[in-house]
Amino acid sequence: MMTNITLAHGNGGQENNELITKIFYKAFKNEILSKSEDAAVIEEGTLAFSTDSFTVSPIEFPGANIGKLAICGTCNDLAMMGAKPKYLTCSVIIEEGFEVATLKRVVDSMQTELEKNGAIVVSGDTKVVPKGSVDKIFINTTGIGQIEQKGISSNNIQDDDVIIVSNSVGKHGATIFAAREGIDFSTNLKSDCASLWPVIKKLIDEGIQIRALRDATRGGVSAVLNEWAKQSNICVEIEEEKIPVCDEVKGVCELLGFEALSLANEGTFVMAISKEQASKAIELLKSIEISKEASIIGNVTLKHQGKVVLNTAWGTQRFIDLPTGELLPRIC
């Protein structure tokens, strides 16, 4: 029984799921919300609608800043429902004393990502609060998108479907940790933060019938697959040797005891499709720069329904559970 909110309740894992289910879903229960998708599907399946807030620290880090993250985050949630991002709102809470030059960099990066998505900001709100009332700047973005492929849902995954990850995992979480702790890996490690709609658009245009999509943000790939397993009542079996993880992320995980599958991503998605279309999908993904490391990491079975099973490099198996505790607060 929860008595107080902890940082772990924002981790995208078990505690976060408990908070959402027992407090927010209980109060706001309705048919649309109960589907628990990355974006709500509304207006008879023609529009997707999503909102997100961003509190990342530090606000500027290798590969992105809080502004780029805010646009990518909301646009990507729309894209995960097969929707082209169109209209966004932008609300900011700014701490007194925040540098205007930094604010301009943040806003310029937002406009760059809006252009990549073909979207525009049509409404917003700005608040300035006394120094110490907020840490530099917090941003909320809400978006509406036009659905171009209907039926994408984490509730529709079927036995024998194939699971694909679009990029090497854990880069965003590892980058934020390194930036926050002042660790210099003397490498090119940077956040994978990117707008995913151009990739999804190409898949749709080439006739790939996507069963389910989810960008693996808080809680990483582990959280996505566990949610899918429960929502579709299936078992997801993944192969450890097929999961792409770069050396820098492996180093962070070995140093701190993290699981790469549980680290956050901001430009990496997980996709479920039929095995008949898997080869074509991989070929398309590998032809695009931000998804060139795409890999088929597993498939769907009915062996342990509601569970995620990892087949290790040593020939053994273990369950992958929802992440618990707070690995790294304020990653997005």
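# A walk from Glu293 to helix α3

Start by selecting Glu293, which has a relative accessible area of 30% and so counts as partly exposed. Bear in mind as you look around that this model is predicted.

Now add Lys171 to the selection. Its relative accessible area is 17%, under the 20% cut-off, so Lys171 counts as buried. The two side chains form a salt bridge, with the closest N and O atoms 3.3 Å apart. Trace the chain away from each end and you'll see that this pair links distant parts: Lys171 sits in helix α4 (residues 171-181), while Glu293 is in the loop between α8 (278-286) and β12 (295-301), 122 residues apart. While you have salt bridges on screen, pick Asp38, Arg214 and Glu227 too: salt bridges with shared partners join these residues into one network.

**Zoom out**

Switch to cartoon for a moment. You should be able to pick out 8 helices and 14 strands. The radius of gyration is 19 Å and the globule rule gives 20 Å for 332 residues, so the protein is as compact as a globular protein of that length. Along the principal axes, the C-alpha trace spans about 55 × 50 × 45 Å. Colour by accessibility and 51% of the 332 residues come up as buried.

**Helix α3**

Next, select residues 100-117, which make up helix α3. Put a distance between its end C-alpha atoms and you get 26 Å; at 1.5 Å a residue, 26 Å is also what the 18 residues should span, so the two agree.

Which residues of α3 are buried? Show Thr102, Val106, Ser109, Met110, Glu113, Leu114 and Asn117 as sticks, and there they are. Now look down the helix axis: the buried residues fall within an arc of 145°, so they line one face of α3. The spacing makes sense, because an α-helix has 3.6 residues a turn and residues three or four places apart point the same way. Spin round to the other side of α3 and you'll meet Val100, Lys104 and Glu115, which are exposed. Just past the end of α3, click on Gly118, which takes a positive phi of about 70°.

**Two more salt bridges**

Stay with α3 and select Arg105 plus Glu60. Their side chains meet in a salt bridge, 2.8 Å from N to O. Glu60 lies in strand β3 (residues 60-61) and Arg105 in α3, so the pair ties together parts that are 45 residues apart in sequence. How open is each end? Glu60 is at 33% relative accessibility, so it counts as partly exposed. Arg105, at 41%, is partly exposed as well.

Now jump to Asp125 and Lys127. Here the N to O distance is 2.7 Å, and the side chains again meet in a salt bridge. Asp125 is partly exposed at 33% relative accessibility, and Lys127 is partly exposed with a relative accessible area of 43%. If you'd like to hunt for the rest, the structure holds 17 salt bridges.

**Last stop: a nonpolar patch**

Turn on the surface and select Val122, which is found in strand β6 (residues 120-129). Then add Phe49, Tyr87, Ile120 and Ile144. Together with Val122, these residues make a nonpolar surface patch of about 430 Å².

Key. Residues numbered from 1 in each chain as written. Predicted model: local features only at pLDDT ≥ 70, side-chain atom pairs only at ≥ 80, totals over all residues. Heavy atoms only, no water. Patch = residues over 30% accessible without salt bridge, like charges linked within 9 Å, V, L, I, M, F, W, Y side chains within 5 Å. Areas by Shrake-Rupley, 256 points an atom, 1.4 Å probe, with all protein chains shown as cover. Salt bridge = Lys/Arg side-chain N within 4 Å of Asp/Glu carboxyl O. Helix = DSSP H or I, 4+ residues; strand = E, 2+ residues; numbered from the N terminus. Expected span 1.5 Å × (residues − 1). Buried < 20%, exposed > 50% of the residue type's maximum accessible area, 1.4 Å probe, protein only. Arc of directions from axis to C-beta. Rg over C-alpha atoms; globule rule 2.2 N^0.38 Å.
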